[in-house]
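Open your viewer and get ready to click along. We will make a few stops, one selection at a time.

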Amino acid sequence: NLQKLEQVQHIILRFEGTEVGDVGAVAIGHGLQTLAQLQKLRLDFTCTQVGNDGAVAIGNSLQNLKLLQKIFFDWQGTQIGDAGAVAIGNNLQNLKQLQQITLNF
């Protein structure tokens, strides 16, 4: 349960090649939004079943992570389309502390 980790500053979650889909990504997005101290976030969903719903939830969680400095997202081989990419992109603009972004689609 990510909500119990409210002081965490760096998270790496790798789901590469697993059966994680939108339900799992939505749950992760909800958990991430409570981590106000987070500065570095790495999410690897390469070759998973994550689609737009999961990407939108993750993208929307970014608006609460004001201290983020580095983001690495790997979405290669997923089902994410325009809606998911737009949600992620729209929420990146609010991250004033952001110094490094890596997005692989």
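Start by selecting Ile 101, Leu 103 and Phe 105, which make a nonpolar surface patch of about 270 Å². Patch members have over 30% relative accessible area and no salt bridge (a side-chain nitrogen of Lys or Arg within 4 Å of a carboxyl oxygen of Asp or Glu); nonpolar side chains (Val, Leu, Ile, Met, Phe, Trp, Tyr) are joined within 5 Å, and like charges within 9 Å. Areas come from the Shrake-Rupley method with a 1.4 Å probe, and for residues only the protein chains shown count as cover.

This is a predicted model, where local features need pLDDT of at least 70 and side-chain atom pairs count only at pLDDT 80 or more, while totals for chains, interfaces and linings use all residues. Residues are numbered from 1 along each chain as its sequence is written, and side-chain values use heavy atoms, leaving out hydrogens and water.

Now keep just Ile 101, which sits in strand S4 (residues 100-104). Strands (E, at least two residues) and helices (H or I, at least four) are DSSP runs numbered from the N terminus.

Is Ile 101 buried or exposed? It is partly exposed, because its relative accessibility is 46%; buried means under 20%, exposed over 50%, and partly exposed in between.

Next, select Cys 47 in the loop between S2 and H2. Cys 47 is not a glycine, yet its phi is positive, about 55°. It also counts as partly exposed because its relative accessibility is 48%.

Finally, select Leu 68. Beyond neighbours within four places in sequence, its contacts (heavy atoms within 4.5 Å) include Leu 38, Leu 41, Leu 62 and Leu 95.

Definitions and conventions
Buried < 20%, exposed > 50% of the residue type's maximum accessible area, 1.4 Å probe, protein only.
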